Amino acid sequence: MSHVLPAILVGLGGGTGAIARYLVGLASLKLLGDRFPFATLFVNVLGCLLIGALISAWTGGTGEARSPHEHVRLLLVTGLLGGFTTFSAFGLETFTLYKQHHLALAALNIMLNIVLGIAAVALGIKLGRTVA
C-alpha cells in the first residue's frame, strides 16, 4: 500500500506533463508550421532547463543533498517532466556523468541513446509492417 500515493503523484504529474506537451505541439504547429519538429525541440530544451533549475534549487547549486520531499520530486521530476519529455532525464544524467568527470560514460550515454533509439524506431517500423 505504500506505493499507492507515489504512483498517484507520478500519474498526476505525468498526465499534466503530457497535456502540456500536446498543447505545446499544437501551438508550435500553428505558429511555426510542420517543416521542422520545433515542438519536440522546444519541450526537450525546456524540460532540460526545468530539471536543471529544480535540481539546482534543491541542492543549492552545490550538489549537496538538500532534496525536497520525495513526493515533490515524484510529482515534478518523475511525473510532470517525465510526461512532458524524458529527454530532461537524459540531459540530467549525461550532465551528471560529465560533472563527475566520467567523460567517456557521458559520451557513451549520448551515443547509445541516439543510435539505439533511432535503430529501435526503424526496427519498430519493420515489426509493425510485418504484423499489419
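**Five helices and how they pack**

So, α2 and α4 are oblique to each other, where oblique is what remains once angles under 35 degrees are called roughly parallel, over 145 roughly antiparallel and 65 to 115 roughly perpendicular. Before I go on, this is a predicted model, so local features need pLDDT of at least 70 and side-chain atom pairs pLDDT 80 or more, while totals for chains, interfaces and linings use all residues. Side-chain values use heavy atoms, with hydrogens and water left out, and residues are numbered from 1 along each chain as its sequence is written.

Back to that pair. Two packed helices are described by the angle between their axes and the distance between the axes. Helix α2 is residues 38–59 and helix α4 is residues 87–99; their axes come within 8 Å and cross at roughly 55°. The axes here are lines fitted to C-alpha atoms over the stretch in contact, and angles run from 0 to 180 degrees between N-to-C directions. The crossing of α2 and α4 is right-handed, meaning the near helix is turned clockwise from the far one by less than a right angle; anticlockwise would be left-handed. On the α2 side, N44, G47, C48, I51 and I55 make the contact, and on the α4 side F87, S88, A89, G91 and L92. Contact, by the way, is heavy atoms within 4.5 Å. By class, that contact has six nonpolar residues, four polar and no charged. Nonpolar is Ala, Val, Leu, Ile, Met, Phe, Trp, Tyr, Cys and Pro; charged is Asp, Glu, Lys and Arg; the others, Gly among them, are polar.

Now the other partner of α4. With α5, residues 103–131, α4 packs at an angle of about 155°, axes 7 Å apart. That makes α4 and α5 roughly antiparallel to each other, and their crossing is left-handed. Here F90, T94, L97 and Y98 of α4 meet L103, L105, A106, N109, I110 and N113 of α5. The tally for the α4 and α5 contact is seven nonpolar, three polar and no charged.

Zooming out: what does the secondary structure of the protein come to? Five helices and zero strands. These are DSSP runs numbered from the N terminus, H or I of at least four residues for helices and E of at least two for strands. The C-alpha trace spans about 50 × 40 × 35 Å along its principal axes. Of the 132 residues, 20% count as buried, which is under 20% relative accessible area, with exposed over 50% and partly exposed in between, using a 1.4 Å probe and protein chains only.

On to α1, residues 4–32. At 1.5 Å a residue its 29 residues should span 42 Å, and its end C-alpha atoms are 41 Å apart, which agrees; the expected span takes 1.5 Å times one less than the number of residues. Its buried residues are P6, L9, G13, G14, G17, V24, G25 and S28, and they pack against α2 and α3, the latter being 70–84. L29 is in α1 too, but partly exposed at 49% relative accessible area. Just after α1 comes G33, with a positive phi near 80°.

Last one: where is H101 found? In the loop between α4 and α5. Most residues other than glycine have a negative phi. H101 has a positive one, near 65°, and is exposed, with a relative accessible area of 70%.
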